[in-house]
Amino acid sequence: MFRKKLIGLATVSLLALTLSACDSGTTPEAGAANSSDGAKPYVAVVSKGFQHQFWQSVKSGAEQAADEYGVEITFEGPNTEQDVAQQVEMLTTAMSKNPAAVGIAALDSQAVTPLLEEAKTKNIPVVAFDSGVESDIPIATAATDNKAAAAEAAKHMAELIGGSGEIAIVAHDQTSTSGQDRRDGFVDYMKENHPDIKIVTVQYGGGDQLESANLAKTIINGNPNLKGLYGTNEGSAIGVVKAVEELGLKDKLTIVGFDSGQAQMDAIRSGIMAGAVTQNPVGIGYETVKAAAAAVKGESVEKVIDTGFYWYDAENIDDEKIKANLYE
């Protein structure tokens with residue numbers, strides 16, 4: 001970009017805002033929420049990532065809601081889910097456009113807190129999505145009910161093994177909310193509904209495929225009557241799949257997973273994995289923008305918005321509704 005002498009600071013500032021473009025192909029005007037010229041309110045949506053298919057599905061849902069509820073959106077995210085500084089920069093830029101509302105899937109709650117405080121000062125509604133923010137500023141959070149989703153996985157596991165027998169869990173961690181909920185939802189369902197099913201152990205592999213595979217092998221070798229294993233995220237589930245493959249036990253153990261990903265989809269199509277629970281990224285994006293649009297109009301919104309989930313297996317994996325919510 002070349003430089004010219006400043007003729008007027010106001011003129012340059014206005015030009016900079018005018019040149020700001022959004023990913024949906026439209027350019028929202030700063031202050032659109034308060035304009036009287038019929039411009040649509042502008043909602044800035046900043047996700048945890050952008051290239052991953054999960055976030056593209058979230059974007060698709062956000063765009064659907066934008067069309068339906070009459071708002072303009074931008075949807076962006078950092079190159080990876082470790083780029084906290086880049087996300088903060090994106091949110092800072094979005095805030096400079098004076099949005100009518102903001103949607104944020106924070107990589108680091110503390111890092112975005114000053115910007116959330118700014119939004120509160122300016123009376124800009126904030127909707128958190130995918131995961132919560134450690135703040136009471138967001139008016140709503142649109143996310144998966146991980147306990148309920150894990151209970152759905154347990155329900156299918158119970159049906160698949162005939163309502164009795166020994167199973168085990170390979171979880172991604174025991175410290176995050178998602179890790180705890182995906183474990184506890186599964187365990188609680190079994191305790192309440194299937195007393196003849198015994199969970200022999202819960203092991204934690206950090207979501208790492210190799211570590212999870214090694215744990216699964218140890219579990220299988222130490223429990224000769226084992227009927228099934230449940231992996232609480234993609235890495236955990238694929239680790240279990242690898243262990244079963246390497247031990248030559250396909251068709252002898254029932255594997256149930258959580259999340260999506262090409263490896264899990266391939267395992268389900270090949271028959272080594274019975275099925276898995278996928279989140280609803282399209283619904284996450286849709287409900288985020290829907291809530292933001294309602295808040296702009298001064299309407300009340302639910303504090304916690306359950307965006308749902310789906311069980312998928314070999315029978316429904318290619319259904320259009322399921323395919324839209326599978327992410328590689």
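## Overall organisation

Of the contacts in the protein with a separation of 6 or more, 73% are accounted for by residues 24 or more positions apart. The structure described here is a predicted model. Its secondary structure comes to eleven helices and twelve strands, and buried residues make up 49% of the 328 residues in the protein.

## Helix α2 and its surroundings

Helix α2 spans residues 53-69 and has 17 residues. From the first C-alpha to the last, α2 reaches 24 Å, close to the 24 Å expected at 1.5 Å a residue. Just after α2, Gly70 takes a positive phi of about 70°.

The buried residues of α2 include the aromatic pair Phe54 and Trp55, together with Ser57, Val58 and Lys59. Gly61, Ala62, Ala65 and Ala66 of α2 are buried as well. An α-helix has 3.6 residues a turn, so residues three or four places apart point the same way. The partners against which the buried residues of α2 pack are three strands and a helix: β2 (72-76), β4 (126-129), β10 (275-279) and α10 (281-296).

## Packing of α8 and α9

Two packed helices are described by the angle between their axes and the distance between the axes. For helix α8 (residues 234-246) and helix α9 (residues 262-270), the angle is about 40° and the axes are 9 Å apart. With that angle, α8 is oblique to α9, and the crossing of the two helices is left-handed.

On the α8 side, the contact is made by Glu234, Ala237, Ile238 and Val241. Helix α9 contributes Gln262, Ala263, Gln264 and Ala267. By class, the contact of α8 with α9 has five nonpolar, two polar and one charged residues.

## Buried residues in strands β8 and β9

Leu226 is found in strand β8 (residues 226-231) and counts as buried, because its relative accessibility is 7%. The C-alpha atoms of Leu226 and Ile167 are separated by 5.6 Å, although these residues are 59 residues apart along the chain. Not counting residues up to four places away in sequence, Leu226 touches Glu166, Ile167, Ala168, Val200, Ile219, Ile220 and Leu253.

Thr254 is found in strand β9 (residues 254-258). At 18% relative accessibility, Thr254 falls under the 20% limit and therefore counts as buried. Leaving aside neighbours within four places in sequence, Thr254 is in contact with Met157, Leu160 and Ile161, with Lys227, Gly228 and Leu229, and with Ala274. Of these partners, Lys227, Gly228 and Leu229 fall within the residue range of β8.

## Loop residues

Asn280 is found in the loop between β10 and α10, two elements against which the buried residues of α2 pack. With a relative accessible area of 9%, Asn280 is buried. Thr307, Gly308, Phe309, Tyr310 and Asn325 are touched by Asn280, not counting residues up to four places away in sequence.

Two further loop residues have a positive phi without being glycine: Asn123, with phi near 60°, and Asp251, with phi of about 75°. Asn123 lies in the loop between α4 (109-121) and β4 and is exposed, with a relative accessible area of 68%. Asp251 is found in the loop between α8 and β9 and counts as exposed at 67% relative accessibility.

Conventions
Residues numbered from 1 in each chain as written. Predicted model: local features only at pLDDT ≥ 70, side-chain atom pairs only at ≥ 80, totals over all residues. Heavy atoms only, no water. Axes fitted to C-alpha atoms, helices over the stretch in contact; angles between N-to-C directions. Helix = DSSP H or I, 4+ residues; strand = E, 2+ residues; numbered from the N terminus. Parallel < 35°, antiparallel > 145°, perpendicular 65-115°, else oblique. Left-handed = near helix turned anticlockwise from the far one by under 90°. Contact = heavy atoms within 4.5 Å. Nonpolar A, V, L, I, M, F, W, Y, C, P; charged D, E, K, R; others polar. Expected span 1.5 Å × (residues − 1). Buried < 20%, exposed > 50% of the residue type's maximum accessible area, 1.4 Å probe, protein only.
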